[in-house]
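Let us read one structure together, feature by feature, with the general idea stated before the particular case.

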Amino acid sequence: MTSIDPTRHTPDASLDLPAVEKHNWKSQEHRDAWDGRLGRFSSAFDRAMEAALVDDEHPRTGLRRTLPTDDAIDLVARVSDAVDIARKSGDRTTTVGLTTPACDVDADALLDGVESQEIERSIRGIPECCADAHRDAREAGFDDPIAEIARNTPRSTERGGELVVEDPHPVLNRAWAYLGWRFVDFHPCSFECDAAREVAIQNGRLLRETGHGETADAMFEFLASPTYWSGYHGLAHVKNGWCIGEYTTDDYWSEEVVRFNGYHDSLAGSSSEGC
Ligand SMILES: [Zn+2]
């Protein structure tokens, strides 16, 4: 393993750029093949997280969500009796707090907001290693720590100034997370973190159990493809064989490039079954 220089300039948090979020398919064929299937993923993932609350295998114990009031009413109607519910309505939206008996706080407290990062970690079921790494990254000024995660990935190497991640877990590819296209809703400590992968496996299972297996399979195929990410002056450029996108990221003073060079995980190329 080649050691990677961990020294970075601190991002310039004063940079105030308008938020950017756009992507284009490389051809009409690619759009036809992917757009509909991936477009359904975010709402499917939300449903899977509701299911996670009452799932014995999944570590999540609470969920806080702000929705248009009609959608919030639907959400409350479909949650299990085993879940405690608190809600607070505004003009058009309602915030809902849902907790299970195993949760560290009750639904009212979750609704008001949780100050403790440790309790937040426990509620969302984030592995300790990942929460610790993300806290460190945030304290160093990184809110979107793709390059930092790549540096912390054991089998990453630095080649020609680029970080090459040779053998990541495909389900931990967060290069497209700007669009909600990811299997974990937190930053893993490394792209090879087994604890984060285990959460991704549970999320994939819940997607299938809630009737979104095809959407999960499409996302798995998309994320398992070699991916290029670069960040510079607040803008991330992301691409794979089908899609290219630009998104707001931290203000890197010098260009950071991360290449997810290929996924050699035995699951790659098969399906999200077991992902
Ligand atoms: Zn971790």
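**Reading helix 8 and its surroundings**

A: In this predicted model, the residues of helix 8 that are buried are A196, R197, V199, A200, Q202, N203, G204, R205, L206 and L207.

Q: Against which helices do the buried residues of helix 8 pack?

A: An α-helix has 3.6 residues a turn, so residues three or four places apart point the same way. Here the buried residues of helix 8 pack against helix 2 (41-53), helix 6 (128-139) and helix 9.

Q: What span does helix 8 reach from its first C-alpha to its last?

A: Helix 8 has 16 residues and reaches 22 Å between those two atoms, which is close to the 22 Å expected at 1.5 Å a residue. After the helix comes G211, which has a positive phi, near 90°.

Q: How should I read the packing of helix 8 with helix 9, and at what angle do their axes cross?

A: Two packed helices are described by the angle between their axes and the distance between the axes. In this case the axes of helix 8 (residues 194-209) and helix 9 (residues 213-223) cross at roughly 140° and come within 7 Å. Helix 8 contributes G204, L207 and R208 to the contact, while helix 9 contributes G213, T215 and A216. By character, the residues of this contact are two nonpolar, three polar and one charged.

Q: Which residue that is not a glycine has a positive phi, and where does that residue lie?

A: Most residues other than glycine have a negative phi, and most peptide bonds are trans. H233 has a positive phi of about 45° although it is not a glycine, and its place is in the loop between strand 7 (227-232) and strand 8 (235-239).

Q: Why does H233 count as partly exposed?

A: The class follows from a neighbour count: 20 or more other C-beta atoms within 10 Å make a residue buried, and 12 or fewer make it exposed. H233 counts as partly exposed because it has 15 C-beta neighbours inside 10 Å.

Q: In what order do the strands of the open sheet lie?

A: Seven strands form this open sheet in the order 1-9-8-7-10-6-5, with mixed pairing. Its edge strands, each pairing on one side only, are strand 1 (21-25) and strand 5 (156-159), and the twist averages 15° from one strand to the next.

Q: How many bridges join strand 1 to strand 9?

A: Five bridges join strand 1 to strand 9 (residues 243-248), and these two strands run antiparallel. As an example to find on the model, H23 has G245 of strand 9 as its bridge partner.

Note on methods:
Residues numbered from 1 in each chain as written. Predicted model: local features only at pLDDT ≥ 70, side-chain atom pairs only at ≥ 80, totals over all residues. Pairing = 2+ DSSP bridges. Helix = DSSP H or I, 4+ residues; strand = E, 2+ residues; numbered from the N terminus. Axes fitted to C-alpha atoms, helices over the stretch in contact; angles between N-to-C directions. Contact = placed C-beta atoms within 7 Å. Nonpolar A, V, L, I, M, F, W, Y, C, P; charged D, E, K, R; others polar. Expected span 1.5 Å × (residues − 1).
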